[in-house]
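Biologist: I'd like to go through this chain with you and ask how you back up the words you use for it. Can we start once it's on the screen?

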Amino acid sequence: MTKTLYLKVTDPQKDRETIRRAARLLQEGALVAFPTETVYGLGANALDRQAVEAIYAAKGRPLDNPMIVHIAALKELGRVCRTVSPLARTLADRFWPGPLTLVLPAGNAILSVVTGGLATVAVRIPDHPVALALLQEAGVPVAAPSANRSGRPSPTRAEHVLEDLEGQIAALVDGGPCPVGVESTVLDMSGPVPRILRPGGVSLEALREVLPEVMPPRDGPLLRGETPASPGMKYRHYAPRAPLYLLEGKEQAVRRELIRLCRRYRLQGLKVGLLTAAPFEAVDGSLALDLGGRKDPGAAASLLFAALRQMDAAGVEVILAEGIPEEGLGLAVMNRLRKAAGENILLCD
Ligand code: TXA
Ligand code: MG
């Protein structure tokens, strides 16, 4: 156990000294959690093997799951990647800083603990003033997975990081809630046609404007003998403690099933949590949180992970979640809900 230093940053300019302190810790090989526009990251100097190894230990993360390297500016890309194709350059120009991670050929300086032994490296420039100030000040590329215990919902608020990692990491930089709320879109640039490995903060529609031929993510279980292109995809993820049932299908059929199942579980004496796509009055004794995803998938994205954690904190025993249309950030939200549900997906009609 170490004492986790809590560092509040409201304005990276005014709080320059605090940023310096966090940056020094990174330079010394310590673990520092910090906010990005997507979720909080758990950062370590990407060029320091021991520091990166400590991330795996703190998170309880499988060793073959590689990490995203965060940089402050385009000119640092050469330190991380062997080559940058003209197409990768176009995407970086269009979407960085922002929630797009590019999987590119790894440069020589990149350690195999960062890439999980792959020949590629995932890299992005985050669009958050605190993250950018910290990266600039540290002056090294920073490897950072989401700052949750492996398998738990990603942290979108500083208190989520403390819930999972207090006493395991040197410092937490609190920069307030993360605006996007789901992780970055991971785009594999290594094949002939770029492919989305994980849908995220940059929507498929936005990518298609620049890259009409982009391959959409492939959901669903792996075929026998198939290796996941992105190692992180094979694990059950984003999971609250209670089992989560995801109800998909037509709006009215989903709502009918939600009410029916909620009553049934209530009769069994279970505390039920509802994650709805549109307003709904809680059935007696249940906890209903409306994510508003039917009208505004971006709102659902920003609320989702905090809502899953709230369900746990309230001692909910079973969660029923309504699916939302897979448009805009709805694609990323549904990907996370399906991962949290595992096998428990109910098609309603
Ligand atoms: O928004 C985000 O992406 C956040 C913030 C902190 O930047 N980070 C994040 O990291 O979500 P993490 O480690 O939780 O997810 C990284 C994903 C994993 O699914 C991993 O398998 C994949 O990116 N990945 C990393 N390196 C890869 C590579 N070389 N090839 C394919 N997939 C890779
Ligand atoms: Mg993660």
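Modeller: Sure, and keep in mind that this is a predicted model. The accessible surface of the chain comes to about 15000 Å², and carbon and sulfur atoms own 51% of that surface.

Biologist: How do you know whether the radius of gyration of the chain agrees with that of a compact globule?

Modeller: Set the two values side by side. For 349 residues, a compact globule would have a radius of gyration near 20 Å, and the chain has 20 Å, so the value agrees. As for extent, the C-alpha trace spans about 60 × 50 × 40 Å along its principal axes.

Biologist: What is the chain built from, in helices and strands?

Modeller: You'll find 11 helices and 15 strands. Buried residues make up 57% of the 349 residues.

Biologist: Why is T115 called buried?

Modeller: The cut-off for buried is under 20% relative accessible area. T115 has 4%, so T115 counts as buried.

Biologist: And where does T115 sit, and what does T115 touch?

Modeller: T115 belongs to helix 5, which covers residues 112-115. Leaving out residues up to four places away in sequence, T115 touches P66, A106, I110, T120 and V121. There's also V69, 46 residues apart from T115 along the chain, with 9.3 Å between the two C-alpha atoms.

Biologist: Why does T276 count as buried?

Modeller: It's the same test, under 20%. T276 comes in at 3% relative accessibility, so T276 counts as buried. The place of T276 is in strand 12, residues 272-276.

Biologist: What makes the pair T276 and A278 a polar contact?

Modeller: The limit is 3.5 Å between N or O atoms. The side chain of T276 reaches the backbone oxygen of A278 at 3.0 Å, and 3.0 Å falls within that limit. Not counting residues up to four places away in sequence, T276 also touches several residues, including R255, L289 and E322.

Biologist: What kind of peptide bond joins W96 and P97?

Modeller: A cis one, with omega at about -5°. P97 lies in the loop between helix 4 (86-95) and strand 5 (100-105).

Biologist: One more: how many charged side chains are there of each sign, and how far apart are the centres of the two sets?

Modeller: There are 41 positive and 38 negative side chains, and the two centres lie 2 Å apart.

Biologist: And what share of the contacts with a separation of 6 or more comes from residues 24 or more positions apart?

Modeller: That share is 68%.

Methods. Residues numbered from 1 in each chain as written. Chains lettered and ligands numbered in written order. Predicted model: local features only at pLDDT ≥ 70, side-chain atom pairs only at ≥ 80, totals over all residues. Heavy atoms only, no water. Helix = DSSP H or I, 4+ residues; strand = E, 2+ residues; numbered from the N terminus. Rg over C-alpha atoms; globule rule 2.2 N^0.38 Å. Buried < 20%, exposed > 50% of the residue type's maximum accessible area, 1.4 Å probe, protein only. Contact = heavy atoms within 4.5 Å. Areas by Shrake-Rupley, 256 points an atom, 1.4 Å probe, with all protein chains shown as cover. Lys, Arg positive; Asp, Glu negative; His and termini not counted. Charge placed at Lys NZ, Arg CZ, Asp CG, Glu CD. Polar contact = N/O pair within 3.5 Å; in protein donor to acceptor, adjacent residues only side chain to side chain.
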